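Got the viewer open? Let's take a walk through this one together, one selection at a time.

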Amino acid sequence: MTVQLGMPLLPSSARAATVDRPAFEGLRDRYGRVATDLRLSLTDKCNLRCSYCMPADGLPWLAKQAVLTADEILRLVRIGVDRLGVRELRLTGGEPLVRADVVEIVAALRRAHPELPIALTTNAVGLDVKAAPLKAAGLSRVNISLDTLHPETFAQLTRRPFFDRVLAGIEAADAAGLGPIKINSVLMRGINDGDGADLLAWCLERGYELRFIEQMPLDADHGWTREGTVTAAEMRERLSERFRLSPDPRARDGAPAERFEVRLPGCDEVLGIVGIIASVTEPFCADCKRTRITAEGKVMSCLFSHEETDLRDLMRGGADDDDIAARWQDAMWLKPRAHGMGHVGLGAADFVQPDRSMSAIGG
Ligand code: SAM
Ligand code: SF4
């Protein structure tokens with residue numbers, strides 16, 4: 001159903017717009033959602049090769065000149081925050097720490113936006129060295145990916161023997177005050193699907209918030225199957241063999257993770273929180289607040305969008321902030337209602353995996 005905003009249609013010739021849509025403020029779409037959470041990719045490169053994301057041989061990396069410069073990143077964030085209602089920023093990739101100027105980018109963003117929550121999603125390789133400088137630069141917090149506590153399983157999943165470096169990175173982030181630390185885990189059937197409860201115990205002991213993410217069809221190898229996905233229901237069942245989970249009474253407020261309080265059976269004490277992000281089997285598209293910009297400056301209104309809107313060439317061609325904001329709004333106006341990969345009656349059978357892998361979008 002299209003939401004009527006009661007606003008006049010702007011002729012597309014009056015601005016750099018490419019679609020007919022009402023005039024409005026912020027990043028609205030046809031279904032009444034407003035995006036306030038910007039996920040911005042700093043690079044498509046990565047030093048791991050997680051099988052659910054990248055192929056073993058990596059991907060052809062973008063040329064350096066194709067990637068947004070630090071100034072372009074600052075400009076897009078300024079337009080997002082000052083004109084389009086962005087209220088939260090997450091820097092991601094690829095692996096954002098691979099970018100040599102990541103600390104300078106965070107420092108410049110912080111100078112420009114003293115109050116903006118700025119988070120970073122990272123695999124933590126190299127975070128042992130960069131955690132303190134990132135904190136000093138003004139980074140608010142980190143989400144760190146860790147799928148197992150077994151070094152061999154880690155090497156199998158990521159195709160790199162960097163388990164110890166990741167642990168050192170997590171400890172450094174904690175010591176630097178980049179908390180509350182959130183750990184992201186993807187469970188893969190037959191590889192680490194038995195590791196969930198141990199990961200949860202490990203996170204609870206350290207005060208980290210663990211979030212399991214259902215594997216999405218965003219692997220460059222196109223090996224994902226719906227049947228092979230370890231579902232949220234399975235995760236809850238496996239965790240319940242050792243822990244008692246009850247829904248977190250706090251409002252979800254559009255957050256992707258369904259949060260649960262964790263207790264030991266027979267005990268009242270809440271040991272911590274675990275989140276489960278059921279993008280495939282219990283999608284939350286109706287509450288999505290996200291807008292994404294890839295490392296080469298394309299707006300993606302959804303992880304699964306087949307449409308991309310280029311802001312980089314617009315900037316490089318001399319467009320003013322009004323034009324860029326209008327094009328970003330155009331892209332978001334066309335955000336699909338839902339990704340359709342698991343919804344009964346919403347075209348699950350017609351679901352087509354996007355060409356881009358997670359690393360090339362920015363997760
Ligand atoms: N390299 C960083 C990292 O791994 O944290 C940031 C980018 S990565 C693409 C962001 C998140 O996406 C990670 O938590 C990763 O586990 C998750 N991810 C990657 N591919 C995925 C997939 N196919 N399904 C679900 N989550 C995925
Ligand atoms: Fe790299 Fe992150 Fe993708 Fe793993 S999930 S390959 S760390 S971008």
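Keep in mind that this is a predicted model. Start by selecting Arg-110, which is buried yet has no salt bridge. The nearest side chain of opposite charge belongs to Glu-115, and that is 7.1 Å away. To get your bearings, Arg-110 sits in helix α2, residues 102-112.

So what does the side chain of Arg-110 reach at 2.8 Å? Select Leu-116: its backbone oxygen is the partner. Now add His-113, whose backbone oxygen lies 2.7 Å from a polar atom of the Arg-110 side chain. Beyond its neighbours within four places in sequence, Arg-110 is also in contact with other residues, including Ile-118, Ala-137, Gly-138 and Ser-140.

Next stop: the ligands. Click on ligand 1, which has 19 residues around it. The closest are Tyr-52, Gly-94, Glu-95, Ser-145 and Met-216. Zoom in on Gly-94, where a polar backbone atom is 3.0 Å from a nitrogen atom of the ligand. Glu-95 brings a polar side-chain atom to 3.1 Å from a nitrogen atom of ligand 1. Then show Asn-184, with a polar side-chain atom 3.2 Å from an oxygen atom of ligand 1.

Move over to ligand 2. Around it you'll find Cys-46, Leu-48, Cys-50, Tyr-52, Cys-53, Met-54, Gly-94, Asn-123 and Ser-359. Which kinds of residue make up the shell around ligand 2: nonpolar, polar or charged? Color them by type and you get 6 nonpolar, 3 polar and no charged.

Now for the salt bridges. Side chains of opposite charge can pair when their charged atoms come close. The whole structure has 20 salt bridges. Select Arg-78 and Asp-321, which meet in one of them at 2.9 Å, N to O. Arg-78 lies in helix α1 (residues 70-84) and Asp-321 in helix α9 (residues 321-333), so this pair ties together parts that are 243 residues apart in sequence. Arg-78 is partly exposed, at 33% relative accessibility, while Asp-321 is buried, at 14%.

Glu-234 and Arg-189 are another pair to pick, with their closest N and O atoms 2.8 Å apart. Here Glu-234 is in helix α7 (residues 232-240), and Arg-189 is in the loop between β9 and α6.

Last selection: Asp-248 and Arg-259, a salt bridge with its closest N and O atoms 3.1 Å apart. Asp-248 sits in the loop between β11 and β12, and Arg-259 is in strand β12. Add Glu-209 and Arg-250 to the view, and you have one network joined by salt bridges that share partners.

Conventions: Residues are numbered from 1 along each chain as its sequence is written. Chains are lettered from A and ligands numbered from 1 in the order in which they are written. This is a predicted model: local features need pLDDT of at least 70, side-chain atom pairs count only at pLDDT 80 or more; totals for chains, interfaces and linings use all residues. Side-chain values use heavy atoms; hydrogens and water are left out. A residue is near a molecule or strand if one of its heavy atoms lies within 4 Å of it. Ala, Val, Leu, Ile, Met, Phe, Trp, Tyr, Cys and Pro count as nonpolar, Asp, Glu, Lys and Arg as charged, and the others, Gly among them, as polar. Helices (H or I, at least four residues) and strands (E, at least two) are DSSP runs, numbered from the N terminus. Buried means under 20% relative accessible area, exposed over 50%, partly exposed in between (1.4 Å probe, protein chains only). Lys and Arg count as positive and Asp and Glu as negative; His and the chain ends are not counted. A salt bridge is a side-chain nitrogen of Lys or Arg within 4 Å of a carboxyl oxygen of Asp or Glu. A polar contact is a pair of N or O atoms within 3.5 Å; within protein, one must be able to donate a hydrogen and the other to accept it, and residues adjacent in sequence count only if both atoms are side-chain atoms. Contact means heavy atoms within 4.5 Å.
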